[in-house]
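Student: Could you take a close look at one part of this model for me, the place where the ligand sits? I'd like the contacts spelled out, with the cut-offs behind them.

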Amino acid sequence: MVPMSNRFDNAAASWDAETRRVQMAQGVQTALRESLNLSPDMDLLDFGCGTGLFSLELRPLVRSLTGADTSQPMLEVFSQKAQAKGLEVRTRHLKGTEGLGGPYHLVLSSMALHHVPELAPVFQAIHAALAPGGRIALADLDSEDGSFHGPSDDVFHLGFERRNLMEALAREGFHDLRERTATTMEKNGRTFTLFLITGEKG
Ligand SMILES: C[S@@+](CC[C@H](N)C(=O)[O-])C[C@H]1O[C@@H](n2cnc3c(N)ncnc32)[C@H](O)[C@@H]1O
């Protein structure tokens, strides 16, 4: 098996070539914009930003966008795409247990949490990085049987039960938690659903 960072490192340059990934990110982005108001005084962090399929299009609507990821090649593509569009962005290469910087007004994430073995420290880091009253918008797969990825050594959660994730977020101090279906994705002959959970720093 290819170790996690190598897999994403190796995939970065061609990540956007898969149309369904682009469509999925756009579906999540639409759900986000229906669920939350973005404004020019907001600083955003995209956790597990990859190449920015989810967040780069939001950049013109806010004051700043920071992409955080464990894969440096993903961050390089994120920055190159931003530069090509004339957008200023920041990046944070996550290597261990360091913080996420901030303060941010919104931390968003799409399809990254199932790659994180232990979620509580990440939720604590997000909470610490948010300004008072800051918000979260987290999208990922609903519980599935493992057929989304197939055999893989970098998937630590076969999707999530929305209720369980919201309880975990509540334990770390988030409130006003809401969930909705964000979009669907066809893969391996199946239809998978993605949720979007929003909430506020308590
Ligand atoms: C499936 S991709 C999703 C990328 C992007 N959010 C999108 O919607 O296209 C997952 C991303 O999460 C990153 N990642 C994996 N584990 C991570 C971790 N522990 N912390 C932060 N990012 C992580 C990977 O490097 C990869 O860029």
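Tutor: Here is the ligand site, followed by the chain around it.

A bit of bookkeeping to start: this is a predicted model, where local features need pLDDT of at least 70 and side-chain atom pairs count only at pLDDT 80 or more, while totals for chains, interfaces and linings use all residues. Numbering runs from 1 along each chain as its sequence is written, and side-chain values use heavy atoms, with hydrogens and water left out.

The ligand has 18 residues around it, taking a residue as near if one of its heavy atoms lies within 4 Å. Phe47, Gly48, Asp69, Thr70 and Ser110 come nearest. Sorted by class, that shell holds eleven nonpolar, six polar and one charged residues; here Ala, Val, Leu, Ile, Met, Phe, Trp, Tyr, Cys and Pro are nonpolar, Asp, Glu, Lys and Arg are charged, and the others, Gly among them, are polar.

Now for the polar contacts, meaning pairs of N or O atoms within 3.5 Å. Asp69 puts a polar side-chain atom 2.5 Å from an oxygen atom of the ligand. Gly48 uses its backbone instead, with an N or O atom 2.8 Å from a ligand nitrogen. At Ser110, a polar backbone atom also pairs with a nitrogen atom of the ligand, at 2.8 Å. On its own the ligand would expose 590 Å², and the protein buries 92% of that (Shrake-Rupley areas, 1.4 Å probe).

Ser110 is also a handy way into the fold, since β4 covers 104–110. Just before that strand, in the loop between β3 (90–93) and β4, comes Pro103, joined to Gly102 by a cis peptide bond with omega about 5°. In the loop between β4 and α4 (119–129) you'll find Met111, which has a positive phi of about 65° despite not being a glycine. For context, most residues other than glycine have a negative phi, and most peptide bonds are trans.

Zooming out, the chain has five helices and seven strands (DSSP runs: H or I of at least four residues, E of at least two), in the order α-α-β-β-α-β-β-α-β-α-β-β. Its radius of gyration, taken over C-alpha atoms, is 16 Å, close to the 17 Å from the globule rule for 202 residues, so the chain is as compact as a globular protein of that length. That rule is 2.2 Å times the number of residues to the power 0.38.

Note on methods:
A polar contact is a pair of N or O atoms within 3.5 Å; within protein, one must be able to donate a hydrogen and the other to accept it, and residues adjacent in sequence count only if both atoms are side-chain atoms.
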